[in-house]
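Please study the sequence and the model shown here before reading on. The paragraphs that follow lead through its interior, its empty spaces and its charged pairs.

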Amino acid sequence: MKAGDLVEGFHFDVMLVEPIADSRLFADMDYCRGGKHFFRRKSYEGNDFMTNNPDSCDAIIEAPEKHYMAQLIDNVWWWVNECAQCCGHARNWMGSECEKHNVCRTCGIPRSELNEAVYGGRHGWQCASCEAKEKLAAKIKALQAVQEKIESGEYGSWDYSGQDNIKCPHCDNEYEPCTADGVPEGEETCDVCDGKFSIEPEYSVTYSTQIIGDRVTLDSVAQEQI
């Protein structure tokens, strides 16, 4: 193993950086991390391992870079780079990012230049300004499509009644209802156009039947005629 090699990580293949030069580290240690610090301890039975309790650790080491994490490779502790793009992967939810790749996926502004919260995403985060611009563009596009339906006479309340999914009557945004907390009902705000509308669930009645006693057959009818 050498620096630059890719090895299997927790989420994806990560890149070896360098062995951790610290005489306090041994192969039989447990490992976790909290923030920029890494915490290790020997496997003492009954010794609770807590990242916020220095007394439960044998060694506390600060990583050279925030996107580094420690990993045991062939009984040697290494710093590994878990920035997805540094390791040749597409950006995703997992892992930390280096300064070069920790940028808005749309405009490229570095995270270090922003003070406000950002919007996470499967392919990297997005700054508030870009998120607002994208949302406005999607809102205008959806409302324009509905306006065209209204002007052509194709818009009608029947498009929003008896549907399998929930459809916003303002902009036609359609989505599958989340029933984890019960059937959606009452007032809703559209994620696309911010319009408010009401949801009324509709139920249909079905019936099940079972035979009582013996099955009626042609033979049983014939027997009754004797």
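In this predicted model, the largest nonpolar core comprises 20 residues. Those with the most contacts inside this core are Leu16, Ile20, Leu25, Ala70, Trp77, Trp79 and Val80. Five strands each give two or more residues to the core: S2 (13-19), S3 (29-34), S5 (59-62), S6 (68-73) and S7 (76-81). Tryptophan 77 may serve as an example of a core residue. Leaving aside residues up to four places away in sequence, tryptophan 77 touches Pro19, Ile20, Leu25, Phe26, Ala27, Met29, Tyr31, Arg40, Ala70, Gln71 and Leu72. Another core, of nine residues, lies apart from the largest one, and Ala142, Cys168, Cys190 and Ile199 are among its members. In soluble globular proteins, nonpolar side chains tend to be buried together.

The empty spaces come next. A search of the whole structure finds one cavity of 30 Å³ or more. The largest cavity has a volume of about 40 Å³, and its lining consists of Gly9, Phe10, His11, Phe12, Val14, Met69, Gln71 and Glu82. By class, four of these lining residues are nonpolar, three are polar and one is charged. Gln71 appears in this lining and also among the residues that tryptophan 77 touches.

The largest pocket holds about 490 Å³ of space. Of the 20 residues that line this pocket, Gln163, Asn165, Ile166, Ile199 and Glu200 lie nearest its centre. Strands S8 and S11 are the elements that give two or more residues to the lining, and S11 gives the most, with three. The lining is made up of ten nonpolar, six polar and four charged residues. Ile199, named here near the pocket centre, is also a member of the nine-residue core.

The second largest pocket contains about 160 Å³ of space. Its lining has 13 residues, and Asn92, Trp93, Gly95, Glu97 and Trp125 lie nearest the centre. Here the classes are three nonpolar, seven polar and three charged residues.

How many salt bridges does the structure hold? There are eight. One of them joins the side chains of aspartate 194 and lysine 139, with a distance of 3.8 Å from N to O. Aspartate 194 lies in the loop between strand S10 (186-189) and strand S11 (196-199), whereas lysine 139 belongs to helix H1 (residues 128-152), so this pair ties together parts that are 55 residues apart in sequence. Aspartate 194 counts as partly exposed because its relative accessibility is 39%, and lysine 139 is likewise partly exposed, at 25%.

A further salt bridge connects aspartate 172 with lysine 149, whose closest N and O atoms are 2.9 Å apart. This pair also links distant parts of the chain: aspartate 172 is in the loop between strand S8 (166-167) and strand S9 (174-175), and lysine 149 is in helix H1, 23 residues apart. Is lysine 149 buried or exposed? Lysine 149 counts as buried, because its relative accessibility is 18% and the limit for buried is under 20%. Its partner, aspartate 172, has 22% and therefore counts as partly exposed.

Glutamate 187 and lysine 196 form another salt bridge, their closest N and O atoms being 3.8 Å apart. Glutamate 187 is exposed, at 60% relative accessibility, and lysine 196 is exposed with a relative accessible area of 52%. Finally, salt bridges that share partners join Lys135, Lys139 and Asp194 into one network.

Methods. Residues are numbered from 1 along each chain as its sequence is written. This is a predicted model: local features need pLDDT of at least 70, side-chain atom pairs count only at pLDDT 80 or more; totals for chains, interfaces and linings use all residues. Side-chain values use heavy atoms; hydrogens and water are left out. A salt bridge is a side-chain nitrogen of Lys or Arg within 4 Å of a carboxyl oxygen of Asp or Glu. Helices (H or I, at least four residues) and strands (E, at least two) are DSSP runs, numbered from the N terminus. Buried means under 20% relative accessible area, exposed over 50%, partly exposed in between (1.4 Å probe, protein chains only). A nonpolar core is a set of buried Ala, Val, Leu, Ile, Met, Phe, Trp, Tyr and Cys residues joined through side-chain atoms within 4.5 Å. Contact means heavy atoms within 4.5 Å. On a 1 Å grid over the protein atoms alone, a cavity is a set of points where a 1.4 Å probe fits but cannot get out, and a pocket is an open set with protein on both sides within 12 Å along at least five of seven lines; lining residues have an atom within 4 Å of a point. Grid points are joined across faces, edges and corners, and a volume is the space filled by probe spheres set on the points. Ala, Val, Leu, Ile, Met, Phe, Trp, Tyr, Cys and Pro count as nonpolar, Asp, Glu, Lys and Arg as charged, and the others, Gly among them, as polar.
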